[in-house]
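The following exercises are to be worked with the sequence and the model side by side. Each task is followed by a solution in steps.

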Amino acid sequence: MSDDYNPYAPAPGGQMSGTVTFGDRPQAAAGGADPIKDTTTAGFTADVIQASREGTVLVDFWAPWCGPCKQLTPVLEKAVRESNGRVRLVKLNIDDHPAIPGQMGIQSIPAVVAFSGGKPVDGFMGALPESQIREFIDRVAGPAKSGAEEQIAAVLAQSREALAAGDVETAAQGFSAILQADNTHAGALAGMAACLLEAGELDKAGEVLAQIGEDGRKDPEVASVFKRLEMAREVASLGDPVALEARLASNPGDHEARLQFAKILNARGYREAAADELFAIMRKDRGWQDDAARKALLGFFEAWGPTDPATLSARRQLSSLLFS
């Protein structure tokens, strides 16, 4: 990459905040959210299944009358709070909410089940000592990271949050700080490319993404940016959205125009509206052009990410449509 273009450098006159300083000083945890919460039967899907797609979630099945549960709770909560965000704990009172433990075959409590990627992966029963609980957390979530790795993870989370909130400059500074410490960090490279996409710098975004190896591209956050670049390049060739709207006004059955219009809406950030246009095609002709509308929607999901509100809403609509 040429010397006159350095995507990792801070903005001219900008100053890095203390939250992106690497060294011996402890790094503030991103977000500051409590890693422990109670859930219900209705909330289980969001609190456990969906949340475990972002990180490991431990579910503690307990009841007020259970003596061993009372022994386990403070030890388990302490280990979770000291895991530095590697796991979250969700507690379910089986007396108030018996459906989920019944479906999972929980026959004895306390029972702790680890969820990752939307499904249970490991668990234990009984009031284990703290040392064994920590070993369990290491097994399901990986060993604790070094201080520098923890700092990088926190800055990465902060930068992604800033980018999602539309604060591209702050996000770029955070990604830049990570890349100055590790210029091969796939998440930070993808983040910097995402900032460039927001600025309309498609070629420069492509240059940054080209530096990510095959292993790094498997991460959903990284894959999402690759997909967004692919879509942005396609949209650049789709033509005038005003002309497409005019075509649709004169012929609502012009599915090709509607498909192109949906892609332009998505590129402009109107995710729900883009999905609605694709659903309009599917309701009229579900199999049009070898299922082109559904395939385009699945591409949107990949670009938006599995936990984006637009993805979750459109997935529910798609399921209702396909199985109606």
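A nonpolar core is a set of buried Ala, Val, Leu, Ile, Met, Phe, Trp, Tyr and Cys residues joined through side-chain atoms within 4.5 Å. The structure examined here is a predicted model.

**Exercise 1. The largest core**

Task: Determine which residues have the most contacts inside the largest nonpolar core, and establish which domains give residues to this core.

Solution.

Step 1. The largest nonpolar core holds 30 residues, and those with the most contacts inside it are Leu-259, Leu-278, Phe-279, Met-282, Leu-297, Phe-300 and Trp-304.

Step 2. At least two residues of this core come from each of helix 9 (220-235), helix 10 (241-250), helix 11 (255-267), helix 12 (271-284), helix 13 (288-304) and helix 14 (309-322). Helix 13 gives the most, namely nine residues.

Step 3. Because domain 2 (147-238) and domain 3 (241-323) both give residues to this core, it lies between them.

Step 4. Take Leu-297 as an example: leaving aside neighbours within four places in sequence, Leu-297 is in contact with Ala-275, Leu-278, Phe-279, Met-282, Ala-314 and Leu-318. Another core, of 28 residues, lies apart from the largest one and includes Leu-189, Ala-190, Leu-209 and Ile-212.

**Exercise 2. A pair of packed helices**

Task: Describe how helix 11 and helix 13 pack, giving the angle and how far apart their axes are.

Solution.

Step 1. Two packed helices are described by the angle between their axes and the distance between the axes.

Step 2. For helix 11 and helix 13 the angle is about 5 degrees, and the axes are 11 Å apart.

Step 3. Angles under 35 degrees count as roughly parallel, so helix 11 is roughly parallel to helix 13.

Step 4. Helix 11 makes the contact through His-255, Glu-256, Leu-259, Ala-262, Lys-263 and Asn-266, and helix 13 through Trp-288, Gln-289, Ala-292, Ala-296, Phe-300 and Trp-304.

**Exercise 3. The sheet and its edges**

Task: Give the strand order of the sheet and explain why one side of strand 1 and of strand 5 is left without a neighbour in the sheet.

Solution.

Step 1. The five strands form an open sheet in the order 1-3-2-4-5, with mixed pairing.

Step 2. Strand 1 (36-38) and strand 5 stand at the edges, and each has a single partner strand, so one side of each lacks a neighbour in the sheet. From one strand to the next, the twist averages 25 degrees.

Step 3. Helix 2 packs on the sheet, touching strand 1, strand 2, strand 3 (87-93), strand 4 and strand 5, and its direction makes about 155 degrees with that of strand 3. Helix 4 (residues 130-141) lies across strand 2, strand 3, strand 4 and strand 5 and runs at about 165 degrees to strand 5.

Step 4. Strand 4 (residues 111-116) and strand 5 (residues 119-125) run antiparallel and are joined by six bridges. Ala-114 has Asp-122 of strand 5 as its bridge partner, and Ser-116 stands opposite Lys-119. Two residues lie between the strands of this hairpin, where Gly-117 takes a positive phi near 65 degrees.

**Exercise 4. Val-59 and Ala-63**

Task: Decide whether Val-59 is buried or exposed, do likewise for Ala-63, and list the contacts of Val-59 and of Ala-63.

Solution.

Step 1. Buried means under 20% relative accessible area. Val-59, in strand 2, has 0% and is therefore buried.

Step 2. Ala-63 lies in the loop between strand 2 (56-62) and helix 2 (67-81). With a relative accessibility of 1%, Ala-63 also counts as buried.

Step 3. Neighbours within four places in sequence aside, Val-59 is in contact with Phe-44, Val-48, Val-90, Ala-111, Val-112, Val-113 and Phe-115. Val-113 is 54 residues from Val-59 in sequence, yet their C-alpha atoms are 5.2 Å apart.

Step 4. On the same basis, Ala-63 is in contact with Cys-69, Asn-93, Ile-94, Asp-95 and Ile-109. Ala-63 and Asp-95 are 32 residues apart in sequence and 6.1 Å apart from C-alpha to C-alpha.

**Exercise 5. Backbone exceptions**

Task: State which residues are joined by a cis peptide bond, and what phi Gln-289 and Asp-290 have.

Solution.

Step 1. Most residues other than glycine have a negative phi, and most peptide bonds are trans.

Step 2. Ile-109 and Pro-110 are joined by a cis peptide bond, with omega about 0 degrees. Pro-110 is in the loop between helix 3 (99-104) and strand 4.

Step 3. Gln-289, in helix 13, has a positive phi near 50 degrees. Asp-290, also in helix 13, has a positive phi of about 60 degrees.

Definitions and conventions: Residues numbered from 1 in each chain as written. Predicted model: local features only at pLDDT ≥ 70, side-chain atom pairs only at ≥ 80, totals over all residues. Heavy atoms only, no water. Pairing = 2+ DSSP bridges. Helix = DSSP H or I, 4+ residues; strand = E, 2+ residues; numbered from the N terminus. Buried < 20%, exposed > 50% of the residue type's maximum accessible area, 1.4 Å probe, protein only. Domains from an automatic or database assignment. Contact = heavy atoms within 4.5 Å. Axes fitted to C-alpha atoms, helices over the stretch in contact; angles between N-to-C directions. Parallel < 35°, antiparallel > 145°, perpendicular 65-115°, else oblique.
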